[in-house]
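Trainee: I should like to understand how the descriptive terms applied to a structure are justified. May we go through them one at a time?

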Amino acid sequence: DTYEAAQAAVDVMRYFDQAAPLHHLDEEEQVFPVALARGSADVQAAVAQLQQDHTAMEAAWAALRVVLAAWANPAAAPELRAPHSPASLPVRAFADHYQAHIACEESLVYPCVEALVSVQELESMGRAMGARRGVVV
């Protein structure tokens with residue numbers, strides 16, 4: 001059980017250290033510019049909030065990472081690993097923020113951008129995102 005918790009912490013840290021920043025960069029460079037240039041006022045306001053979220057989530061991730069690093073090393077700081085300890089608060093705040101962020105992306109911004117761009121533009125966006133990850137399409 002302790003091993004599984006430690007491995008889960010390592011997996012989460014890997015995602016938010018590597019994949020999440022790339023995902024945010026994809027949005028900042030490919031998705032958001034289209035939404036800001038061609039979207040409605042509501043979509044533009046949502047994008048502005050999502051951009052602020054990215055900054056806030058980076059700071060929240062720094063706090064959460066400390067907790068996960070403790071979980072990843074069962075020999076260190078057992079008080080940080082307690083499920084209801086004050087250290088667990090960053091976990092809930094981070095998860096809640098991310099959940100709201102994703103809901104806004106999926107319900108408003110992504111559908112808008114998808115409706116506003118051509119197939120060729122979508123393909124170009126996909127190639128740029130893939131290139132960021134070293135994938136050549």
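The dialogue below sets several descriptions of this predicted model against the criteria behind them.

Trainee: What makes up the protein chain in terms of helices and strands?

Mentor: The protein chain holds five helices and zero strands. Read from the N terminus, the order is α-α-α-α-α.

Trainee: How do you know that the length of helix α2 agrees with its number of residues?

Mentor: Helix α2 covers residues 41-72, which is 32 residues, and at 1.5 Å a residue these should span 46 Å. The end C-alpha atoms of α2 are 44 Å apart, so the two values agree. There is nevertheless a kink of about 25° in α2, centred on Leu-64.

Trainee: What is found for helix α5 by the same reasoning?

Mentor: Helix α5, residues 119-132, has 14 residues; its first and last C-alpha atoms are 20 Å apart, close to the 20 Å expected at 1.5 Å a residue. After α5 comes Gly-134, with a positive phi near 80°.

Trainee: Why are α1 and α2 called roughly antiparallel?

Mentor: The two helices α1 and α2 pack at an angle of about 165°. Angles over 145 degrees count as roughly antiparallel, and α1 and α2 are therefore described in that way. Their axes lie 10 Å apart, and the crossing of α1 and α2 is left-handed.

Trainee: Why is His-24 called buried?

Mentor: His-24 has a relative accessible area of 9%. The term buried applies under 20%, so His-24 qualifies. This residue is located in helix α1, residues 2-38.

Trainee: Which residues does His-24 contact, apart from its neighbours within four places in sequence?

Mentor: His-24 is in contact with His-54, Met-57 and Tyr-98. His-54 and Met-57 are among the buried residues of α2, as are Trp-61 and Leu-64.

Trainee: Why does Gly-130 count as buried?

Mentor: The relative accessible area of Gly-130 is 11%; as the limit is under 20%, Gly-130 is therefore buried. Gly-130 belongs to helix α5. Its C-alpha atom is separated by 9.4 Å from that of Asp-26, although the two residues are 104 residues apart along the chain.

Trainee: What share of the protein chain counts as buried, and what share of the contacts joins residues at least 24 apart?

Mentor: Of the 137 residues in the protein chain, 28% count as buried. Among contacts between residues at least 6 apart in sequence, 72% join residues at least 24 apart.

Terms used: Residues numbered from 1 in each chain as written. Predicted model: local features only at pLDDT ≥ 70, side-chain atom pairs only at ≥ 80, totals over all residues. Heavy atoms only, no water. Helix = DSSP H or I, 4+ residues; strand = E, 2+ residues; numbered from the N terminus. Expected span 1.5 Å × (residues − 1). Bend = angle between axes of the 7 residues up to and from the residue. Buried < 20%, exposed > 50% of the residue type's maximum accessible area, 1.4 Å probe, protein only. Contact = heavy atoms within 4.5 Å. Axes fitted to C-alpha atoms, helices over the stretch in contact; angles between N-to-C directions. Parallel < 35°, antiparallel > 145°, perpendicular 65-115°, else oblique. Left-handed = near helix turned anticlockwise from the far one by under 90°.
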